Amino acid sequence: MIHNGLDKLANIESFAQAYVAYLGLPFPITLSYMAAFTELIGAPLVALGLFTRPAALGLFFTMTVAMYHHVKVAGLSIPYLELSALYAATFLFFAINGGGRFSVDALLTRLLGGLLTQQADGKRASLETVFQLSDDAKAETKSGL
């Protein structure tokens, strides 16, 4: 995918005319840059498992447009559709399921979850101390009467 993004950026005007404008989409140059940077940035993010779902969703939409282009150019020809359909299915899988247990997303979730648990435990302990002091004060007041 990174290679595809670099190819788009190498001659963005040509790509915009041959692919995006051909489909009748508005703002072909802008959409071409968006597709190129989605491929350049999104693919490594999915590979690392960092911001997996949004990156995979962007790549899925890019592959959906590529599939539409292939259908418009060659009809339902399997050799033209096969690779972009496989990529689209893969990115849809990651958009739905996330990066998995060994992704950076999961690592950050575990790390932040541990920090939040420690903060909650600290707050709970301080509240228990306050309530204990309050109960002790009430007991002293009652015993003094």
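In this predicted model, Lys 8 is a buried residue, with a relative accessible area of 11%, and its partner is Glu 39, with which Lys 8 forms a salt bridge whose closest N and O atoms are 2.9 Å apart. The pair joins distant parts of the chain, since Lys 8 belongs to helix α1 and Glu 39 to helix α3, 31 residues apart. Glu 39 is buried as well, with a relative accessible area of 1%. Side chains of opposite charge can pair when their charged atoms come close, and a search of the whole structure finds one salt bridge.

Helices α1 and α3 meet again when one turns to helix α2, which spans residues 12-21 and in which Ile 12, Phe 15, Ala 16 and Val 20 are buried. These four cover an arc of only 100 degrees around the axis, and they therefore sit on the same side of α2. An α-helix has 3.6 residues a turn, so residues three or four places apart point the same way. The buried residues of α2 pack against α1, residues 2-10, and against α3.

Where, then, is the largest nonpolar core, and what does it hold? It is made up of 11 residues, among them Met 1, Ala 43, Val 46, Leu 59, Phe 60 and Phe 91. The elements that give two or more residues to this core are α3, α4, which covers residues 52-74, and α5, and the largest share, five residues, comes from α4. In soluble globular proteins, nonpolar side chains tend to be buried together. One member of the core, Phe 91, is buried at 7% relative accessibility, and, leaving aside its neighbours within four places in sequence, Phe 91 is in contact with Met 1, Ala 56, Leu 59, Phe 60 and Met 63.

Phe 91 also leads to the aromatic rings, of which the structure holds five pairs. A pair of aromatic rings is described by the distance of the centres and the angle of the planes. In α3, which runs over residues 28-48, Tyr 33 and Phe 37 are four residues apart and hence separated by about one helical turn; their rings are stacked, at 6.3 Å centre to centre and with 15 degrees between the planes. Both of these residues are partly exposed, Tyr 33 at 35% relative accessibility and Phe 37 at 40%. A second stacked pair is formed by Tyr 87 and Phe 91, at 6.2 Å centre to centre and with 20 degrees between the planes, and these two residues, four apart, lie about one turn from each other in helix α5, residues 78-97. Here the buried Phe 91, at 7%, is paired with Tyr 87, which is partly exposed with a relative accessible area of 30%. A ring may also face a charged side chain, as in the case of Tyr 22, where Lys 72 lies over the face of the ring at 5.3 Å from its centre.

Two further phenylalanines are found in loops. Most residues other than glycine have a negative phi, yet Phe 27 has a positive phi, near 50 degrees, and Phe 51 likewise has a positive value, of about 50 degrees. Phe 27 lies in the loop between α2 and α3 and is exposed, with a relative accessible area of 63%, while Phe 51 lies in the loop between α3 and α4 and is exposed too, with a relative accessible area of 54%.

Methods:
Residues are numbered from 1 along each chain as its sequence is written. This is a predicted model: local features need pLDDT of at least 70, side-chain atom pairs count only at pLDDT 80 or more; totals for chains, interfaces and linings use all residues. Side-chain values use heavy atoms; hydrogens and water are left out. Rings of Phe, Tyr and Trp (its six-membered ring) pair if their centres lie within 6.5 Å; planes under 30 degrees apart count as stacked, over 60 as edge-to-face and the rest as tilted. Buried means under 20% relative accessible area, exposed over 50%, partly exposed in between (1.4 Å probe, protein chains only). A charge sits over a ring if NZ of Lys or CZ of Arg is within 6 Å of the ring centre and within 35 degrees of the ring normal. The arc is that of the directions from the helix axis to the C-beta atoms. Contact means heavy atoms within 4.5 Å. A nonpolar core is a set of buried Ala, Val, Leu, Ile, Met, Phe, Trp, Tyr and Cys residues joined through side-chain atoms within 4.5 Å. A salt bridge is a side-chain nitrogen of Lys or Arg within 4 Å of a carboxyl oxygen of Asp or Glu.
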